[in-house]
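Here is a friendly briefing to read beside the model. Please keep the viewer open as you go through the topics.

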Amino acid sequence: MTLHSKDWNRREFVQRGAAGLTAAWALTHGLQAQAAAAGLATGSVQGSRARLGTHRCQAEWELGAAGLRLVRLTAPGAPALGPLAVCALSLEGQPLDMARLRVVRPLQLSSLPVNPAAANRAERLPGRQLTVTLADPAGAWQLHWRALLRAGSHYIRQEIPLQDR
(Lines give C-alpha, C1' and ligand atoms only; values in the text may rest on other atoms or scores of the structure.)
Protein backbone atom coordinates (compact mmCIF):
# COMPACT_ATOMS: atom_id res chain seq x y z
CA MET A 1 0.00 0.00 0.00
CA THR A 2 1.41 3.40 -0.95
CA LEU A 3 0.55 6.45 1.00
CA HIS A 4 -0.02 9.77 -0.67
CA SER A 5 1.11 12.87 1.14
CA LYS A 6 -2.48 13.67 2.10
CA ASP A 7 -2.66 10.28 3.90
CA TRP A 8 0.54 10.74 5.97
CA ASN A 9 0.26 11.20 9.68
CA ARG A 10 2.61 13.60 11.47
CA ARG A 11 5.22 10.95 12.30
CA GLU A 12 5.39 9.69 8.67
CA PHE A 13 5.66 13.25 7.41
CA VAL A 14 8.60 14.00 9.72
CA GLN A 15 10.35 10.69 8.94
CA ARG A 16 9.98 11.02 5.17
CA GLY A 17 10.88 14.70 5.24
CA ALA A 18 14.00 14.00 7.30
CA ALA A 19 15.02 11.16 4.98
CA GLY A 20 14.61 13.43 1.95
CA LEU A 21 16.63 16.24 3.52
CA THR A 22 19.35 13.82 4.58
CA ALA A 23 19.56 12.38 1.06
CA ALA A 24 19.73 15.86 -0.48
CA TRP A 25 22.42 16.97 1.99
CA ALA A 26 24.50 13.81 1.41
CA LEU A 27 24.28 14.21 -2.36
CA THR A 28 25.39 17.85 -2.44
CA HIS A 29 28.09 17.49 0.20
CA GLY A 30 29.31 14.21 -1.23
CA LEU A 31 29.82 15.83 -4.65
CA GLN A 32 31.67 18.77 -3.09
CA ALA A 33 33.91 16.44 -1.11
CA GLN A 34 34.58 14.32 -4.18
CA ALA A 35 35.48 17.40 -6.26
CA ALA A 36 37.74 18.74 -3.52
CA ALA A 37 39.49 15.39 -3.09
CA ALA A 38 40.27 15.26 -6.81
CA GLY A 39 42.28 18.48 -6.60
CA LEU A 40 43.18 18.95 -2.97
CA ALA A 41 45.55 21.88 -2.50
CA THR A 42 48.85 20.83 -0.97
CA GLY A 43 51.92 22.73 0.12
CA SER A 44 55.22 22.57 1.93
CA VAL A 45 57.96 24.82 3.28
CA GLN A 46 61.49 23.49 3.52
CA GLY A 47 63.94 26.14 4.64
CA SER A 48 63.97 28.92 2.05
CA ARG A 49 61.86 26.98 -0.51
CA ALA A 50 58.09 26.63 -0.59
CA ARG A 51 55.59 24.79 -2.80
CA LEU A 52 51.86 24.91 -3.53
CA GLY A 53 49.99 22.68 -5.92
CA THR A 54 46.95 20.77 -7.08
CA HIS A 55 46.60 18.23 -9.86
CA ARG A 56 46.15 21.23 -12.21
CA CYS A 57 49.13 23.43 -11.29
CA GLN A 58 52.32 23.33 -9.25
CA ALA A 59 54.51 26.25 -8.15
CA GLU A 60 57.74 26.60 -6.20
CA TRP A 61 59.22 29.76 -4.70
CA GLU A 62 62.55 30.60 -3.10
CA LEU A 63 63.39 33.32 -0.62
CA GLY A 64 67.10 33.97 -1.05
CA ALA A 65 69.76 36.52 -1.97
CA ALA A 66 67.75 37.61 -5.03
CA GLY A 67 64.65 38.21 -2.89
CA LEU A 68 61.42 36.26 -3.25
CA ARG A 69 61.36 34.51 -6.62
CA LEU A 70 59.08 32.10 -8.43
CA VAL A 71 61.40 29.19 -9.21
CA ARG A 72 58.97 27.24 -11.37
CA LEU A 73 55.29 27.18 -12.32
CA THR A 74 53.90 24.19 -14.22
CA ALA A 75 50.46 23.26 -15.51
CA PRO A 76 49.36 20.49 -17.87
CA GLY A 77 49.42 21.65 -21.49
CA ALA A 78 51.29 24.89 -20.75
CA PRO A 79 54.99 25.73 -20.91
CA ALA A 80 56.77 25.95 -17.55
CA LEU A 81 57.54 29.43 -16.23
CA GLY A 82 60.41 30.58 -14.05
CA PRO A 83 62.57 31.70 -12.54
CA LEU A 84 60.89 35.10 -12.14
CA ALA A 85 60.56 37.79 -9.48
CA VAL A 86 57.16 37.52 -7.77
CA CYS A 87 56.42 41.14 -8.60
CA ALA A 88 57.95 44.29 -10.06
CA LEU A 89 57.34 47.36 -7.92
CA SER A 90 58.41 50.96 -8.25
CA LEU A 91 58.51 53.55 -5.51
CA GLU A 92 58.46 57.24 -6.46
CA GLY A 93 59.19 56.26 -10.06
CA GLN A 94 62.23 54.14 -9.17
CA PRO A 95 62.21 50.35 -9.59
CA LEU A 96 62.35 48.53 -6.28
CA ASP A 97 65.11 45.96 -5.85
CA MET A 98 63.42 42.98 -4.17
CA ALA A 99 66.85 41.66 -3.09
CA ARG A 100 67.27 44.67 -0.76
CA LEU A 101 64.16 43.86 1.27
CA ARG A 102 64.76 42.24 4.63
CA VAL A 103 62.73 39.31 5.92
CA VAL A 104 60.43 40.23 8.82
CA ARG A 105 58.49 36.95 8.87
CA PRO A 106 59.82 33.94 6.89
CA LEU A 107 57.85 31.73 4.50
CA GLN A 108 54.93 30.07 6.28
CA LEU A 109 52.30 27.61 5.09
CA SER A 110 48.78 27.60 6.51
CA SER A 111 45.26 26.49 5.71
CA LEU A 112 42.80 28.93 4.21
CA PRO A 113 39.59 29.34 6.17
CA VAL A 114 36.46 27.76 4.69
CA ASN A 115 33.32 29.90 4.73
CA PRO A 116 30.27 27.76 3.84
CA ALA A 117 28.07 30.87 3.63
CA ALA A 118 30.39 32.82 1.30
CA ALA A 119 28.91 34.32 -1.86
CA ASN A 120 32.17 33.52 -3.66
CA ARG A 121 32.30 29.76 -4.34
CA ALA A 122 36.08 29.65 -3.98
CA GLU A 123 35.84 30.73 -0.34
CA ARG A 124 33.63 27.71 0.35
CA LEU A 125 36.46 25.34 -0.61
CA PRO A 126 39.49 24.37 1.49
CA GLY A 127 42.90 25.59 0.43
CA ARG A 128 46.45 26.45 1.42
CA GLN A 129 48.37 29.70 1.49
CA LEU A 130 52.00 30.72 1.64
CA THR A 131 52.90 33.99 3.33
CA VAL A 132 56.04 36.03 3.87
CA THR A 133 56.53 39.56 5.22
CA LEU A 134 59.34 41.71 3.86
CA ALA A 135 60.35 45.26 4.78
CA ASP A 136 62.37 48.01 3.17
CA PRO A 137 65.85 48.56 4.70
CA ALA A 138 64.77 51.82 6.38
CA GLY A 139 61.73 50.15 7.96
CA ALA A 140 59.28 52.69 6.48
CA TRP A 141 56.95 50.05 5.00
CA GLN A 142 56.28 46.32 4.81
CA LEU A 143 55.23 44.06 1.97
CA HIS A 144 52.90 41.19 2.92
CA TRP A 145 53.04 38.57 0.12
CA ARG A 146 50.48 35.75 -0.06
CA ALA A 147 50.01 32.95 -2.59
CA LEU A 148 46.58 31.31 -2.31
CA LEU A 149 45.44 28.02 -3.82
CA ARG A 150 41.99 26.49 -3.33
CA ALA A 151 41.00 22.85 -3.88
CA GLY A 152 40.45 22.03 -7.55
CA SER A 153 41.81 25.37 -8.70
CA HIS A 154 43.82 25.74 -11.89
CA TYR A 155 45.50 29.01 -10.85
CA ILE A 156 47.43 30.45 -7.91
CA ARG A 157 46.40 33.92 -6.76
CA GLN A 158 48.94 36.37 -5.36
CA GLU A 159 48.12 39.22 -3.01
CA ILE A 160 50.76 41.84 -2.30
CA PRO A 161 49.53 44.60 0.03
CA LEU A 162 51.96 47.28 1.23
CA GLN A 163 51.71 48.78 4.70
CA ASP A 164 53.25 51.99 6.03
CA ARG A 165 55.14 51.56 9.29
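## The nonpolar core

The largest nonpolar core has 23 residues, and those touching the most other members are Trp61, Leu68, Leu134, Trp145 and Ile156. A nonpolar core here is a set of buried Ala, Val, Leu, Ile, Met, Phe, Trp, Tyr and Cys residues joined through side-chain atoms within 4.5 Å. Two or more residues each come from β2, β3, β4 (67-75), β10 (127-135) and β11. Strand β11 is the top contributor to this core, giving five residues. In soluble globular proteins, nonpolar side chains tend to be buried together.

This is a predicted model, in which local features need pLDDT of at least 70 and side-chain atom pairs count only at pLDDT 80 or more, while totals for chains, interfaces and linings use all residues. Residues are numbered from 1 along each chain as its sequence is written, and side-chain values use heavy atoms, with hydrogens and water left out.

**Overall make-up**

- The protein chain has one helix and 13 strands, where helices (H or I, at least four residues) and strands (E, at least two) are DSSP runs numbered from the N terminus.
- Reading from the N terminus, the order of elements is α-β-β-β-β-β-β-β-β-β-β-β-β-β.
- Of the 165 residues in the protein chain, 26% are buried; buried means under 20% relative accessible area, exposed over 50% and partly exposed in between, with a 1.4 Å probe and protein chains only.
- Among contacts in the protein chain with a separation of 6 or more, 42% are between residues 24 or more positions apart, a contact being heavy atoms within 4.5 Å.

**Thr54 and its surroundings**

- Thr54 sits in the loop between β2 (49-53) and β3 (58-64).
- Thr54 has a relative accessible area of 4%, so this residue counts as buried.
- A polar atom of the Thr54 side chain is 3.1 Å from the backbone oxygen of Ser153. That is a polar contact, meaning a pair of N or O atoms within 3.5 Å; within protein, one must be able to donate a hydrogen and the other to accept it, and residues adjacent in sequence count only if both atoms are side-chain atoms.
- Not counting residues up to four places away in sequence, Thr54 touches Gly39, Leu40, Ala41, Leu149, Arg150, Gly152 and Ser153.

**Arg150, a buried charge**

- Arg150 belongs to strand β11 (residues 141-150).
- Which side chain of opposite charge is nearest to Arg150, and how far away is it? The answer is Glu123, at 5.6 Å, and Arg150 is buried yet has no salt bridge.
- For charge, Lys and Arg count as positive and Asp and Glu as negative, while His and the chain ends are not counted.
- The side chain of Arg150 has a polar atom 3.1 Å from the backbone oxygen of Pro113.
- Beyond neighbours within four places in sequence, the contacts of Arg150 include Thr54, Leu112, Pro113, Glu123 and Gly127.

**Salt bridges**

- A salt bridge is a side-chain nitrogen of Lys or Arg within 4 Å of a carboxyl oxygen of Asp or Glu, and by this rule the count comes to five.
- Glu159 pairs with Arg146, with the closest N and O atoms 2.9 Å apart. This pair links distant parts of the chain, with Glu159 in strand β12 (residues 157-159) and Arg146 in strand β11, 13 residues apart.
- Glu159 is partly exposed at 27% relative accessibility, and Arg146 is partly exposed at 26%.
- Glu159 also forms a salt bridge with Arg157, where the closest N and O atoms are 2.8 Å apart; Arg157 is partly exposed at 38%.
- Elsewhere, Arg49, Arg51, Glu60 and Glu62 are joined into one network by salt bridges that share partners.
- Glu60 and Arg51 meet through their side chains at 3.4 Å, N to O. Glu60 is buried at 13% relative accessible area, whereas Arg51 is partly exposed at 46%.

**Cysteines and Gln46**

- The structure holds zero disulfides, a disulfide being a pair of cysteine sulfur atoms within 2.5 Å.
- Cys57 is buried with a relative accessible area of 3%, and Cys87 is buried with 14%.
- Gln46 lies in strand β1 (residues 42-46) and is exposed, with a relative accessible area of 62%.
- The C-alpha atoms of Gln46 and Gln108 are separated by 9.7 Å, with their positions 62 residues apart along the chain.
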